[in-house]
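Work through the exercises below with the sequence and the 3D view side by side. Try each task before reading its solution.

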Amino acid sequence: MRSKVIGAVSLAVAAVGLFAATAPAFAQQKTITVWWGKGFYRSEDDALIETIKKFEAKTGIKVELSQYAIQDMIPKTVAALDAGTVPDVAYSDSYDVQAQGKWAYEGKLEDLTDVMEPIKGRFVQNTLDASILYNDVTKKKAYYGFPLKQQSMHVQIWNDMLEKAGVKQSDIPNDWTGYWTFWCDKVQPAIRKATGQRIYAVGQPMGVESTDAFQSFYTFMDAYHVKLVDDDGKLLVDDPKVRDGLIKAMKDYTDTYIKGCTPPSSTTWKDPDNNVAFHNKTIVMTHNFTISIAAKWFEDSQNQALTQEQRDAGKKAYEQDIITASFPKAPDGSTIRYRSDVKTGLIFTAAKNKAEAKQFISFLLQEENVRPYIEGALGRWFPVTKESQESPFWQADKHRKAVYTQFKGGTAAFDFTKNWKFTILNNENVWAKAMNRVVSEKVPVDKAVDELIARIKQVAG
């Protein structure tokens with residue numbers, strides 16, 4: 001009897017010991033909250049979810065993922081900041097353009113140098129540069145974000161519509177003036193005569209609520225080598241050469257509308273609207289800050305929910321009918337250096353689980369995880385890592401090759417990466433407002449540009 005009691009006590013003690021040994025592991029299990037902008041394609045979101053599953057299995061850290069429409073991300077994030085209930089990790093396509101520089105300046109973002117420094121050799125330099133922002137609380141620059149993907153400007157053209165107009169791709173001039181004259185004076189009358197329809201040659205985004213408008217206008221500014229800030233973010237708009245370049249860029253941009261070469265509705269377009277006009281073939285070409293237009297037709301070709309006829313139409317459009325091209329030469333004959341918009345995610349200083357959040361970022365940025373996510377967007381985003389940029393994916397077809405070639409030619413950063421107050425100007429879309437002053441209110445171009453410069457100085461000076 002005594003031996004049974006001792007045995008029972010020994011088993012009980014052993015059980016308690018086992019529980020004591022394992023209890024801390026359970027107690028330490030964490031849950032992190034992740035807010036993420038909803039992807040453009042299902043394959044994008046699927047790749048993210050797969051990475052999250054792998055992360056949970058490897059670390060034991062639970063991830064609560066919430067995905068929101070891009071237009072909802074900043075309002076929700078601002079509300080969370082005000083309430084002190086921020087997510088542990090956050091990513092939105094709109095953060096960098098509209099808010100991240102401001103949050104970094106105000107000391108609201110966590111320094112991610114300990115995440116980025118060990119792996120920075122894997123990343124292309126321009127993407128690292130875009131992630132290094134100034135904090136006015138600490139009075140220093142650091143990685144107040146992690147680079148995830150990037151985009152740049154491309155031209156999309158309906159080749160079959162060119163053929164209907166009686167011209168070929170090889171007929172498109174490569175000089176600045178000849179290029180725009182070709183579309184407005186040659187293609188538009190010809191396509192209207194051939195079809196009997198009111199088709200416009202160009203889709204020129206000009207809406208105040210359109211990021212396409214300011215991104216496209218930046219390309220026109222770059223054609224005239226307009227430099228609004230120096231590398232330290234100091235304004236250069238008092239330079240007469242800058243004013244002259246802005247006037248020329250604004251005149252060229254608005255002349256397309258004044259000539260009746262872009263739909264009248266383009267002054268109120270939002271970001272999807274030039275895509276829709278292109279898909280509906282009411283325009284022959286448009287410039288867009290990704291190849292999402294072509295990629296839409298590729299997705300259709302792969303979509304088993306569509307009919308065989310619809311899939312075949314998608315395949316034909318993607319492989320034969322749509323051209324992805326670059327802008328012509330600048331007015332002085334030089335090649336335009338395109339802007340790259342590097343999309344970055346972040347951790348807030350108010351986040352509750354920063355250590356685990358950094359683990360998640362490090363895991364996400366591993367090559368085997370980040371590549372499927374980027375390629376899941378079907379060419380809409382270009383990689384930020386050197387290895388992913390050399391993936392066979394980017395040589396698979398003419399559209400992706402065009403993106404690859406353009407990025408490999410070198411890119412420049414947007415001004416908001418050097419002076420965060422340009423995020424305010426982008427939010428206001430002072431560029432599109434100036435366009436509309438010219439085309440809708442009949443204000444002379446030089447007056448609209450002087451108003452634009454005055455607003456830039458008021459906000460970012």
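A salt bridge is counted here when a side-chain nitrogen of Lys or Arg lies within 4 Å of a carboxyl oxygen of Asp or Glu. Keep in mind throughout that the model is a predicted one.

**Exercise 1. The contact of two domains**

Task: Find the bounds of domain 1 and domain 2, and then work out how many salt bridges are counted between domain 1 and domain 2.

Solution: Begin with the domain assignment, which gives residues 31-150 + 343-408 to domain 1 and residues 154-337 + 429-460 to domain 2. The contact between them takes 14 residues from domain 1 and 18 residues from domain 2. Next, apply the salt-bridge rule to this pair of domains, and the count comes out as zero. Polar contacts, on the other hand, are found across the interface, where seven residue pairs meet the rule. Domain 1 and domain 2 bury about 1,400 Å² between them, and 57% of that area is on carbon and sulfur atoms. On the side of domain 1 that touches domain 2, helix 18 (residues 398-408) gives the most, with six residues.

**Exercise 2. The two faces of a strand**

Task: Decide which residues of strand 4 (residues 132-135) lie on its covered face and which on its uncovered face, and describe how strand 4 is joined to strand 5.

Solution: Start from a general rule: in a regular strand the side chains alternate between the two faces of the sheet. In strand 4, Leu133 and Asn135 make up the covered face, while Ile132 and Tyr134 make up the uncovered one. Now turn to strand 5 (residues 140-143), which runs antiparallel to strand 4 and is joined to it by four bridges. Take Tyr134 as an example, and you will find that its bridge partner in strand 5 is Lys141. Finally, look at the link between the strands: strand 4 and strand 5 form a hairpin with four residues between them, and Lys139 in the turn has a positive phi of about 60°.

**Exercise 3. A helix and its cover**

Task: Determine how many of the ten residues of helix 20 (residues 430-439) are buried, and name helices that cover them.

Solution: A residue counts as buried when its relative accessible area is under 20%. Going along helix 20 with this cut-off, you find Val430, Trp431, Ala432, Ala434, Met435, Asn436, Val438 and Val439 buried, which gives eight of the ten residues. The cover over these buried residues includes helix 10 (211-223), helix 11 (240-258), helix 19 (422-428) and helix 21 (445-460). For the chain as a whole, 52% of the 461 residues count as buried.

Key:
Residues are numbered from 1 along each chain as its sequence is written. This is a predicted model: local features need pLDDT of at least 70, side-chain atom pairs count only at pLDDT 80 or more; totals for chains, interfaces and linings use all residues. Side-chain values use heavy atoms; hydrogens and water are left out. Buried means under 20% relative accessible area, exposed over 50%, partly exposed in between (1.4 Å probe, protein chains only). Two strands pair if DSSP finds at least two bridges between them. Domain bounds come from an automatic or database domain assignment. Contact means heavy atoms within 4.5 Å. Buried area is the accessible area (1.4 Å probe) that two parts lose on being put together, summed over both. A polar contact is a pair of N or O atoms within 3.5 Å; within protein, one must be able to donate a hydrogen and the other to accept it, and residues adjacent in sequence count only if both atoms are side-chain atoms.
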